[in-house]
Amino acid sequence: MRACAVFDLDGTIIDNSSENVFFREMFERGVLPLGNLVSWGTYFIKTTNLRRAKANKVYLRGLDFQYVCKIARFCVDEYLIDHISPRVCDLMKWHRDNDRMVFILSGSLKILVSVFGERLEVNQTIGNTLEIKDGKICGQLTGSNLYAENKAIAVKQLAEQYNLDLNRSYAYGNHQSDHHKLQLFGNPVAVNPDRGLRQISLTNNWQIEMFHGN
């Protein structure tokens, strides 16, 4: 059995929200239909479930998927690539040198996560996948929203697919919700953790690292 290293993206690999940058670029280009923005904003305001709100991609409804992918790639290369922590690059090299597979598992859109995967030369990227019909975006996700427990499920699927030994493996995350994933690994690392994850890490004697500033 091989070991692996699983990295979160936003707040871990980069000190930013990839999807926020992507949304801002789409908005500033004026390609988001007004009706989509109204529907998305209304839902976001009314819902009390933040998880469902973040999974709602109605602002992209009806747009050409390949065109949106080009904008996602532009955002990563133009705005986000310089936000990758040098510590991440060093760690990924160290893991590869020690024959560990390297994955990025993120709740951000797969069209963004996959570009980071190419640039960092990881084995596989896992992110939220948009539903597509006839080349157009439907405005919702296909499959589960990769958040909290669903990230842990994705890790178990990876372990089964690649015959991974999680007890000898490493995982990196920054948010309290990442503890579902981190607790599956023999070497969990909290990266610039929020208050909730910091407390969980201290309680469980997990390693804490600061990839981004103090």
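**Group meeting: a walk through the sheet and its helices**

Let's begin with a helix. Helix α5, residues 86–97, lies across β1 (4–7), β2 (101–109), β5 (170–173) and β7, and it runs at about 160 degrees to β1. Before I go on, a reminder that what you have on screen is a predicted model.

So what is α5 lying on? There are 7 strands in an open sheet, and the order is β4-β3-β2-β1-β5-β6-β7, with mixed pairing. At the edges you have β4, residues 136–142, and β7, residues 207–209, and each of those pairs on one side only. Going from one strand to the next, the twist averages 30 degrees.

There's another helix to look at here. Helix α7, residues 149–162, lies across β2 and β3, and its angle to β2 is about 150 degrees.

Okay, let's go to the β4 edge. Strand β3 covers residues 124–133, and it pairs with β4 in the antiparallel sense, over 4 bridges. If you want to find the register, T129 stands opposite T142 in β4, and K133 has K136 in β4 as its bridge partner. These two strands make a hairpin with 2 residues between them.

Which residue in that turn has a positive phi? That's D134, at about 55 degrees, and D134 isn't a glycine. As background, most residues other than glycine have a negative phi. D134 sits in the loop between β3 and β4. Buried or exposed, then? D134 is exposed, with a relative accessible area of 73%.

D134 has company, by the way. D99 also isn't a glycine, and its phi is positive too, at about 65 degrees. You'll find D99 in the loop between α5 and β2, just to tie it back to the helix we started with. D99 has a relative accessible area of 49%, so it counts as partly exposed, because exposed here means over 50%.

Now over to the other side of the sheet. β5 and β6 run parallel, joined by 4 bridges. One pair to click on is Y170 with its bridge partner N187 in β6. Then β6 and β7 pair, again in the parallel sense, over 3 bridges, and there V191 has E209 in β7 as its bridge partner. How does the chain get from β6 to β7? It crosses through helix α9, residues 195–204, and this β-α-β crossover is right-handed.

While we're on β6, residues 187–191: why is this strand largely enclosed by the rest of the structure? Because 4 of its 5 residues are buried.

Let's move on to helix packing, starting with α1. Two packed helices are described by the angle between their axes and the distance between the axes. Take helix α1, residues 18–29, and helix α4, residues 65–80: their axes come within 10 Å and cross at roughly 115 degrees. The crossing of α1 and α4 is right-handed. On the α1 side you have S18, V21, F22, E25, M26 and R29, and they meet Y67, V68, I71, A72, F74, C75, Y79 and L80 in α4. Sort the residues of that contact by type and you get 11 nonpolar, 1 polar and 2 charged.

Helix α1 has another partner, helix α6, residues 110–120. The axes of α1 and α6 come within 10 Å and cross at roughly 115 degrees, and that crossing is right-handed. Here S18, E19 and F22 of α1 make the contact with I111, L112 and F116 of α6. This one divides into 4 nonpolar residues, 1 polar and 1 charged.

Last stop is I84, in the loop between α4 and α5. With a relative accessible area of 11%, I84 is buried, because the cut-off for that is under 20%. And what does I84 touch, leaving out residues up to four places away in sequence? I13, I14, C89, F116 and L120. You've just met F116, in the contact of α1 with α6.

One distance to give you a sense of scale: I84 and K46 are 38 residues apart in sequence, and C-alpha to C-alpha they are 34 Å apart in space.

That's my tour. Happy to spin the model around if anyone wants another look.

Definitions and conventions:
Residues numbered from 1 in each chain as written. Predicted model: local features only at pLDDT ≥ 70, side-chain atom pairs only at ≥ 80, totals over all residues. Heavy atoms only, no water. Pairing = 2+ DSSP bridges. Axes fitted to C-alpha atoms, helices over the stretch in contact; angles between N-to-C directions. Contact = heavy atoms within 4.5 Å. Buried < 20%, exposed > 50% of the residue type's maximum accessible area, 1.4 Å probe, protein only. Right-handed = clockwise from strand over helix to strand, strands pointing away. Left-handed = near helix turned anticlockwise from the far one by under 90°. Nonpolar A, V, L, I, M, F, W, Y, C, P; charged D, E, K, R; others polar.
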